[in-house]
Amino acid sequence: MIIHTNFSKTDTEKALALSLGMFDGVHLGHQSIISELNLIAEKKSLQSAVLTFWPHPRLVFNPDEDLRLLNTLEEKSALLEQLGIQHLFLKEFDEAFRNLTGEEFVEKILVEKLNVKYLMVGYDHVFGKNRSGNFELLEKMAPAFGFEVKKMEAVNIHNKNISSTKIRAALEKGNILAANEMLGYHYPVSGTVIDGKKIGRTIGYPTANIQVNELKLLPKKGAYIVEALVNNEQYEGMLSIGTNPTVGENPLSIEVYILDFDQDIYGQQITVHFRDFLHEEIKFESMEKLIERLDEDKIRTRNFQF
């Protein structure tokens, strides 16, 4: 997959079959669009492409909003590449771009810059200044500018439309199973292992503290069953998101205890994939009670069907 930043290099061997949007999460709804897009591209001898925006437009319009995203840019790029997209166009949502009308966006960007011949959009996608562009506008402009357009309907699970917003809400409630079902994969969090207070090792549960991208959405505070990817090896683990209230006032931390693991990984990049929720964050009355609960969590983790 070729990544193009701000359209500085847009040369492609062929015209494009393209979809545009944030694709936050690259969930099952997005995957259905991309699957169809790849088929169309092959059938029409086009190259498949996605146009997305970074940073998220909501962060541009509302810089004080506490928005957290399902994917880092690296995660999103990797997922799109795995799905077979040939070109990824990353556009900064700057002042000039945000002031393009829907018509200007179609003519100046999609047609003149990107040579789009087939466009696929989600059922509720809007674009352009004041949200002036939508599927109806695309249908109206397509014949004059020589491209085809198709609207993809929402993907349903249990009669509920999948959306990035619904996945974020599920994660914020600790509903990992529902989030993973909508994503079509196990929710990942990646980061660098940093020094912590090393309290875990004094009670037989040494943990790796993970420093993550500040825009990455973390599930709600609590304990989770996870898989940890370390040096391309998968391990079972249990992870805590919280402030460790049993041992005093602390900043929020992400700590993973990796089962059957004894390596020095400080400074290394690791990824954890969330599999299930264990329990809420608890302030225990003693370290002994904390250890008892960790022992119970460890048993549940070992018995989990990974």
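Guide: Let's settle one word before anything else: a residue is buried when its relative accessible area is under 20%. Keep in mind too that this is a predicted model.

Visitor: Okay, try it on F274. Is F274 buried or exposed?

Guide: F274 has a relative accessible area of 1%, so it is buried. Its strand, β14 (residues 269-279), is mostly covered, with nine of its 11 residues buried.

Visitor: How should I read the pairing around that strand?

Guide: The general idea is that strands of a sheet pair through backbone hydrogen bonds, either parallel or antiparallel. Here, β14 pairs with β11 (residues 222-230) in the antiparallel sense over seven bridges, and F274 is the bridge partner of V226. β14 also pairs with β9 (residues 188-194), again antiparallel, over five bridges, and there H273 stands opposite P188.

Visitor: Which larger arrangement do those strands belong to?

Guide: A closed barrel of six strands, running β9-β10-β13-β12-β11-β14 with antiparallel pairing. From one strand to the next, the twist averages 45 degrees. For a pair elsewhere in the barrel, take β10 (residues 208-212) and β13 (residues 253-258), which share two bridges; A208 has V256 as its bridge partner in β13.

Visitor: Which helix lies across the barrel strands β11, β12, β13 and β14?

Guide: That's α9 (residues 287-303), which runs at about 140 degrees to β12.

Visitor: And how do I read a nonpolar core?

Guide: In soluble globular proteins, nonpolar side chains tend to be buried together. The largest nonpolar core in this model has 53 residues, and L239, V256, V272 and F274 are those with the most contacts inside it. Helix α1 gives the most to this core, with five residues. Another core, of 28 residues, lies apart from it and includes L51, V106, F135 and V149.

Visitor: What does V272 touch, not counting residues up to four places away in sequence?

Guide: The list is Y187, P188, V189, I210, V226, E227, A228, L239 and V256.

Visitor: Y187 is an aromatic. How many aromatic pairs does the structure hold?

Guide: Nine aromatic pairs. One of them is F53 with F97, a tilted pair at 5.5 Å centre to centre with 50 degrees between the planes. F53 sits in strand β3 (residues 47-53) and F97 in helix α4 (residues 95-98), so to speak a link across distant parts of the chain, 44 residues apart. F53 counts as buried at 8% relative accessibility, and F97 counts as buried at 8% as well. Then there's Y187 with F274: the ring centres are 6.3 Å apart and the planes at 45 degrees, so this pair is tilted. Y187 is in the loop between α8 and β9 while F274 is in β14, so the pair ties together parts that are 87 residues apart in sequence.

Visitor: Which residues do ring pairs link into a cluster?

Guide: F53, F97, F105 and F127.

Visitor: β3 came up just now. Where does β3 stand in its sheet?

Guide: In an open sheet of six strands, ordered β1-β4-β3-β2-β5-β6, with parallel pairing. β1 (2-5) and β6 (148-152) are at the edges with a single partner strand each, so one side of each is left without a neighbour in the sheet. The twist here averages 20 degrees from one strand to the next. As for β3 and β4 (residues 87-91), they pair over five bridges, with H87 in β4 as the bridge partner of A49.

Visitor: And what packs on that sheet?

Guide: Helix α3 does, touching β1, β3 and β4, and its direction makes about 155 degrees with that of β4. Helix α1 lies across β2, β3, β5 and β6, at about 160 degrees to β5. For a residue in α3 (residues 73-82), look at S77: at 11% relative accessibility it counts as buried.

Visitor: Last one: how do I read which side of a helix is covered?

Guide: An α-helix has 3.6 residues a turn, so residues three or four places apart point the same way. In α7 (residues 164-172), the buried residues are S164, I167, R168, A170 and L171. They cover an arc of only 160 degrees around the axis, which puts them on the same side of α7. Their cover includes α1 (28-43), α2 (57-61) and α8 (176-183). Just after α7, look for G174, which takes a positive phi of about 80 degrees.

Conventions. Residues numbered from 1 in each chain as written. Predicted model: local features only at pLDDT ≥ 70, side-chain atom pairs only at ≥ 80, totals over all residues. Heavy atoms only, no water. Buried < 20%, exposed > 50% of the residue type's maximum accessible area, 1.4 Å probe, protein only. Helix = DSSP H or I, 4+ residues; strand = E, 2+ residues; numbered from the N terminus. Arc of directions from axis to C-beta. Contact = heavy atoms within 4.5 Å. Pairing = 2+ DSSP bridges. Core = buried A, V, L, I, M, F, W, Y, C linked by side-chain atoms within 4.5 Å. Phe/Tyr/Trp six-rings, centres within 6.5 Å; stacked < 30°, edge-to-face > 60°. Axes fitted to C-alpha atoms, helices over the stretch in contact; angles between N-to-C directions.
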